[in-house]
Amino acid sequence: MHLPFSSVRVAVVLLPVILCVGCTTPYTPDFSGMSASYAQTVEQYQINSILMNIDRAAGQRPLSFLDIPSITGTGSVTNAPTVTAVFGAAAAGVLAGNLTSVTPGTTLTIGNSFNFTQSSLDNATFWTGFLTPISLDTAKFFARHHLPKALIFSLLIDSIEIKEPGAAPHFYYNNPELKGYHEFQALLLKLIRYGLDVDAVDIAVNAGPAKTEKELLDTYGRNYRAALMQTGVELRTIVDGKESKLQPIKFSKSYQLCFKVNEFRNFAQQEFDKTLFCEDRGPIDYGGDKKKASFNLTVRSTRDVFDFLGQVVYVQTRERDPFMVTTPPVEAVHSRKDGQSNQHALLVVQKNATGPYFASVNSLDGNKYSIPATNNGYSTQVINLVSQLLTLNKVAGSVPPSPAVLIK
């Protein structure tokens, strides 16, 4: 029996709807997965960007930094019923024929997209902080994270000046390309063994000239000590000739590179001036012991840290006399790399090596430089520290407002 064409047409329209009711499964975009995928991509981008600039420093090329300040994402799902009908023995222009088959179905369309901006940090605001020496309170923050002091100071200290009594100052430079680099390492490890650390100390500053008790009574009255203490001033007795006077003192908190008390304190006291120890140093004009040595440590800027890491990469990948820069810890610090051949390597970068990688970049010299995923010494911790230093330079105005360059 043949149905009229109008009935067939109605059946063709309704059949997929009837068959598909209850047989489709709702689909919701996995935004959690999308966000995690984006976060992983940006993380690898930032790590590779740091390695790329270390490679630029190794080749003595200009550094350049990009940032991704904003991200927008969209997700959409379209679920529509469809039907495929096949007619047989139909003539052109004829509105009737034999219905051979009908195939119902649904079309599921899923769309995810991200738009992000990529901004250049090559501006005066960013580079002013980038070229400014790292503050000692920042160094103190890093030193609290149970990292070896040899690692922290190898990154942050640019040079050490030793002043011996009656002799010209001697400088030791933290540059692995120089012949005296091993002397610098030996001296730095000795200072750390003596207790070198970053500590907040109270610096006593003379708050005006010393006065007699009568002068203080005339100025502040009988309760002159209490009156001065309300302004943060203390009094210390000093002898000026045959007369005793009271010196007004004010204390200010300051971070200093100094020796903390440890088992090697006696050795440090025999060799170095007492003003280099972290205890109260007395008034600022205290002269110290002129018969003992003193030192001055120059702290790097973030730019200098990149230059140093570039030197580390250069000396371990050069063709002639390559060597790995290592920083064996002086103090007992737990390490996940115990027993590995590169356990104490500062930064491990390989040329044209195979994976797996922690980071990998293609250089302008045609080679691929990579940090291996395993047996990489302190590499991951160094990249982590450098990332934090870069973040501290991203102050207001250093990242251009969005959009800068829109990438879809």
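Visitor: Which residues line the largest cavity?

Guide: In this predicted model, the largest cavity is lined by F142, I152, L155, L156, V305, L385, V386 and L389. Helix 5 (149-156) and helix 11 (379-392) each contribute at least two residues to that lining.

Visitor: How many residues of that lining are nonpolar, polar and charged?

Guide: Eight residues of the lining are nonpolar, with no polar and no charged residues. The space in this cavity amounts to about 50 Å³. A search of the whole structure finds one cavity of 30 Å³ or more.

Visitor: What describes two packed helices?

Guide: The packing of two helices is described by the angle between their axes and the distance between those axes. Here, helix 3 (residues 124-131) packs with helix 10 (residues 302-317) at an angle of about 70°, and their axes are 5 Å apart. Helix 3 is therefore roughly perpendicular to helix 10.

Visitor: Which residues of helix 3 and helix 10 meet?

Guide: From helix 3, W127, F130 and L131 meet T302, R303 and F306 of helix 10. By class, this contact comprises four nonpolar residues, one polar residue and one charged residue.

Visitor: How should coordinates be read where pLDDT is low?

Guide: Predicted coordinates should not be read in detail where pLDDT is low. For this protein the mean pLDDT is 80, and 75% of the residues reach 70 or more. Among its elements, helix 10 has the highest mean pLDDT (97), whereas strand 13 (residues 405-407) has the lowest (46).

Visitor: Where does pLDDT stay under 50?

Guide: One such stretch is residues 8-25, for which the model has 17 contacts beyond four places in sequence. The pLDDT is also below 50 over residues 90-95, a stretch with two contacts in the model beyond near neighbours in sequence.

Visitor: What sign of phi do most residues other than glycine have, and are most peptide bonds cis or trans?

Guide: Most residues other than glycine have a negative phi, and most peptide bonds are trans. In this model D321, although not a glycine, has a positive phi of about 50°. D321 lies in the loop between helix 10 and strand 10. As for the backbone at P356, the peptide bond from G355 to P356 is cis, with omega near 0°.

Visitor: Where is the place of P356?

Guide: P356 belongs to the loop between strand 10 (350-351) and strand 11 (357-362).

How values were computed. Residues are numbered from 1 along each chain as its sequence is written. This is a predicted model: local features need pLDDT of at least 70, side-chain atom pairs count only at pLDDT 80 or more; totals for chains, interfaces and linings use all residues. Side-chain values use heavy atoms; hydrogens and water are left out. On a 1 Å grid over the protein atoms alone, a cavity is a set of points where a 1.4 Å probe fits but cannot get out, and a pocket is an open set with protein on both sides within 12 Å along at least five of seven lines; lining residues have an atom within 4 Å of a point. Grid points are joined across faces, edges and corners, and a volume is the space filled by probe spheres set on the points. Helices (H or I, at least four residues) and strands (E, at least two) are DSSP runs, numbered from the N terminus. Ala, Val, Leu, Ile, Met, Phe, Trp, Tyr, Cys and Pro count as nonpolar, Asp, Glu, Lys and Arg as charged, and the others, Gly among them, as polar. Axes are lines fitted to C-alpha atoms, for helices over the stretch in contact, and angles run from 0 to 180 degrees between N-to-C directions. Angles under 35 degrees count as roughly parallel, over 145 as roughly antiparallel, 65 to 115 as roughly perpendicular and the rest as oblique. Contact means heavy atoms within 4.5 Å. pLDDT is the predictor's confidence in each residue, from 0 to 100.
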